[in-house]
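This briefing goes through a protein structure from a surface patch to individual residues and then to the chain as a whole. Please keep the sequence and the coordinates at hand while reading.

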Amino acid sequence: MANYFFPQVLFHPLIFRHFLFVFIAVVPSSLSAQNGSLTGRVLDADSQSAMEYATISIYHTSDSSLITGTITDEGGIFTVDQLPVTPIYYVVQFIGYQSFSSDVLTVDTEVNLGDIILKINSGDLDEVVVTSKALTAAYKLDKQVYDTKQFKNAVGGNASDVLKNLPSVSVDAVGEISVRGANGFQVMINGRPVQGDPRTILSQISANSIHDIEIVTAPSAKYDPDGNAGIINIKTSKALEDGNYLVANVLMGLPSIESYDNQNNAPRYGADITYNTKKGKWDFSGALDYRRYDISGRRVGYVNTYIDEILTEFPSFGERSFDEINYSARGAVNFSPSNNETWSLGIYAGKRTKDRTADILYQNQQRVLIPQDQFLGTEVYYDLYRQKGDVYDGGTRLNSLTFFNENLRIRKSDFLIASFDYAHTFRDQSRLKISSLYERTILGGPTDNANLRYPNISEVYQLQVNDNVNPLDGVRAQIDYSRKIGENSWESGYQFRHLSHPGDFEYFDRDLQNQVWVENPQFTNAIDLTRSIHSVYSQISGMVDHFHYTGGLRLEHFDRKVGIERPEEVYSLSSLNLFPSILFGFDLTESSKIKAGYSKRIERTTTFKMTPFPEREHSETLEQGDAELLPEYIDLMELGYVKYWGDNSFFTTVYYRNVQNVINRVNTVFNDTILNRIYTNVGRAQAIGVELGATVYPIDKWQAYIGGNIYNYQIEGHLFDEEINTSNSVYSINANTNYSFSPTFSMQLSFNYLSERVTAQGRDSEFYNPSLNVRKSFWDNRLVATLQWQNIDLGLWNANEQRITTYRAPFFTTTNYIYEVDIVQLNITYHLNQVSKKVKLPESEFGDKEFD
């Protein structure tokens with residue numbers, strides 16, 4: 001890896017020349033101090049974390065007239081230059097916090113004010129929502145920040161369980177997470193971009209370790225441009241000051257109330273522990289996590305095809321369950337030889353296994369439709385089947401076969417990740433940050449498929465096995481520099497990413513007569529994907545009176561090569577792209593504000609979606625990618641409003657998303673009993689929507705929160721030489737209400753709902769889940785017990801199930817996925833000392849995206 005890494009970082013001509021010019025032109029001026037200047041850093045009193053976008057105003061002492069002002073950068077740092085040599089005072093403000101006013105001073109040289117601490121103002125909630133002096137939500141220029149502790153239904157779960165409560169987020173039956181209707185968002189852990197599959201990444205992070213979550217829906221140029229729905233940044237917790245911090249959690253699941261006739265029970269248990277010790281210049285962090293979380297369920301399906309006047313129908317039903325085991329260890333050490341310098345080293349290693357069992361009974365029938373039995377349409381035959389509970393009985397029967405399919409798909413991931421970071425703050429408060437990451441992940445796992453006679457399942461009709469091994473190597477290096485230019489904050493940086501991901505796919509059929517395995521050349525192949533990305537960015541932030549702004553530009557060049565073994569081919573793609581962004585904010589009053597933003601984004605395809613040969617998923621389905629898939633290019637625009645009154649808050653955001661080269665997974669007919677799922681570029685997609693949220697306190701002990709999102713989604717383009725134009729409106733609701741019977745005892749009821757939605761080839765039904773959580777704390781909140789009742793159903797409705805339907809001549813398929821309801825579990829949490837800012841532990845940059 002080292003043979004190509006450093007030369008590409010240092011000597012890529014286009015990127016290096018651009019960055020060198022910017023660096024030489026601007027950086028040297030940072031080394032000389034300005035006369036008559038103030039510098040400092042603004043911190044949150046509770047979390048000791050840096051406060052970005054805090055306002056610093058400089059006033060004449062004589063008449064209190066405003067001289068100048070500025071805002072803090074991402075590190076909470078500010079610099080005000082060219083101050084007059086006259087008595088002045090300064091005021092530091094952040095909406096929702098108590099203002100800080102200084103004593104009178106005269107500045108005739110550079111003055112470092114050090115750390116300025118702001119406390120939450122529980123009486124004036126201009127930009128935060130406070131309950132018992134605890135921060136629950138903050139609305140900033142470029143993001144919304146949510147305190148995760150308010151969502152009791154996520155305790156003992158993972159980050160996905162937290163996200164499903166946020167107003168812009170929805171989660172469907174198979175765990176697909178969407179932000180404003182798009183599932184291609186970028187995940188960050190403590191500000192570090194992670195190029196993994198969001199479902200996998202978020203399922204690995206314990207909800208108990210999360211301090212808050214940031215939703216960045218219109219990211220600025222300093223962020224990676226990946227993700228068509230923006231960015232989700234997960235922040236974890238650590239100790240405040242010198243001393244020790246520990247949090248330990250134990251999850252115990254009660255036996256399943258409903259077994260769904262699954263072959264095995266669904267155990268659920270786990271434990272995690274995070275420890276942090278800080279003393280002087282050293283900061284050590286470590287975490288261990290183990291989680292076994294199985295889900296019972298079943299699926300009921302129906303498929304028909306019409307080929308050469310032959311109607312084939314195969315209804316099915318049976319078990320569809322998941323067994324999931326995750327365990328990992330993480331460690332990090334930070335060394336700060338001075339207040340201006342920090343060195344960080346982290347390591348993360350672990351194993352993941354997810355088994356999907358699909359043991360299904362199929363009833364196949366084929367009939368020739370003679371002339372008097374005119375073909376009615378694939379949808380019509382499903383309607384007839386649904387009405388009668390049996391397949392079509394017209395035409396001439398060719399054959400029928402009832403068989404039992406045992407299918408077990410195992411996905412494994414063994415990984416090791418190492419990261420290194422360095423940060424230095426110069427005398428004038430300009431900052432230099434260097435970071436790097438290396439990841440080695442072994443992905444893969446077998447799929448066993450057996451078709452057995454029914455009801456005598458000891459007789460084997462067909463036996464198949466396919467396996468794949470996909471070692472992944474990823475490297476990332478980045479350098480960022482920030483400083484003040486006049487009253488503005490300037491940031492610029494360079495980034496390099498490289499991914500190498502080969503894969504060997506083997507498929508064997510069992511020769512039942514000779515009892516030997518025979519390679520199937522149709523499904524056996526190999527792929528080798530490499531991708532390199534070079535990028536530079538620059539952006540400016542500042543304020544004028546009540547007007548805040550950020551504007552920037554990111555230039556990126558990427559190369560992608562996909563090599564296939566059979567036949568031997570290489571597909572190449574190279575592109576140079578510009579990603580502009582601009583954000584505006586205006587404080588209408590002390591309790592209301594508006595903001596607007598635009599951001600250009602890109603959604604890159606995974607290796608899985610570019611594998612151009614079919615892979616057998618189960619009896620009726622193949623999956624296949626496209627080595628020539630184009631990345632999606634996205635334009636994001638939004639306009640928002642925030643209002644506070646008393647202890648209540650309300651926000652709304654209107655947004656527009658335009659996607660070029662939109663990628664859809666669509667079905668084609670492989671043969672009369674097997675469908676092939678293919679990933680392909682369809683055309684253009686547009687979404688226009690509005691997002692709303694409110695937190696109200698009807699009485700002192702009762703909090704109610706509701707968030708919603710409604711949008712219209714339209715796809716225009718071509719699918720297999722056929723023009724498509726689909727449009728529909730979708731809405732989601734996430735709500736909870738919390739009542740505190742006493743300071744140590746509370747109850748919360750939550751409800752998550754996603755409406756029916758139209759897809760490129762069909763529709764997905766509505767999906768919803770209610771839950772109830774009871775919380776009791778002991779020993780001054782050091783010990784907390786939470787009893788959870790997830791996916792409440794009681795046989796009264798259809799919680800935690802969703803029907804997926806696709807159709808287009810000559811096929812129709814519909815499957816109802818029914819997953820476990822009425823899950824009861826107990827989570828016990830113990831805290832040593834108070835939590836605060838993030839524990840910066842390394843996370844997957846590449847491999848998680850391919851674990852699916």
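Ile-706 is a residue of strand S40 in what is a predicted model. Because its relative accessibility is 45%, and the partly exposed class covers values between 20% and 50%, Ile-706 counts as partly exposed. The points below begin with the patch to which Ile-706 belongs, and then turn to two further residues and to the overall figures.

**The nonpolar surface patch**

- Ile-706 is joined by Ile-710, Tyr-731 and Ile-733 in a nonpolar patch on the surface, and together these residues offer about 330 Å² of accessible area.
- Strand S40, which spans residues 702-719, and strand S41, which spans residues 722-742, are the elements that each contribute two or more residues to this nonpolar patch.

**Ser-400 in strand S25**

- Ser-400 belongs to strand S25, which covers residues 396-425, and with a relative accessible area of 38% Ser-400 is partly exposed, because this value falls between the 20% and 50% limits of that class.
- The side chain of Ser-400 makes a polar contact, at 2.2 Å, with the side chain of Arg-397.
- When residues up to four places away in sequence are not counted, Ser-400 touches Asn-364 and Gln-365.
- Between Ser-400 and Arg-367 there are 8.9 Å from C-alpha to C-alpha, while the two residues are 33 residues apart in sequence.

**Asn-451 in strand S27**

- Asn-451 is found in strand S27, made up of residues 447-453, and Asn-451 is classed as buried because its relative accessible area of 8% is under the 20% cut-off.
- The side chain of Asn-451 makes a polar contact with the side chain of Asn-405, at 2.8 Å.
- Apart from neighbours within four places in sequence, the residues in contact with Asn-451 are Phe-403, Phe-404, Asn-405, Val-460, Tyr-461, Gln-462 and Ser-619.

**The protein as a whole**

- The secondary structure of the protein consists of five helices and 49 strands, with S25, which holds Ser-400, among the strands.
- The protein has 852 residues, of which 57% count as buried, and Asn-451 is one of the buried residues.
- Among contacts in the protein with a separation of 6 or more, 70% are accounted for by residues 24 or more positions apart.
- The accessible surface of the protein amounts to about 34,500 Å², and 55% of this surface belongs to carbon and sulfur atoms.

Notes. Residues are numbered from 1 along each chain as its sequence is written. This is a predicted model: local features need pLDDT of at least 70, side-chain atom pairs count only at pLDDT 80 or more; totals for chains, interfaces and linings use all residues. Side-chain values use heavy atoms; hydrogens and water are left out. Helices (H or I, at least four residues) and strands (E, at least two) are DSSP runs, numbered from the N terminus. Buried means under 20% relative accessible area, exposed over 50%, partly exposed in between (1.4 Å probe, protein chains only). A polar contact is a pair of N or O atoms within 3.5 Å; within protein, one must be able to donate a hydrogen and the other to accept it, and residues adjacent in sequence count only if both atoms are side-chain atoms. Contact means heavy atoms within 4.5 Å. Accessible areas come from the Shrake-Rupley method with a 1.4 Å probe; for residues, only the protein chains shown count as cover. Patches are made of residues with over 30% relative accessible area and no salt bridge: like charges are joined within 9 Å, nonpolar side chains (Val, Leu, Ile, Met, Phe, Trp, Tyr) within 5 Å. A salt bridge is a side-chain nitrogen of Lys or Arg within 4 Å of a carboxyl oxygen of Asp or Glu.
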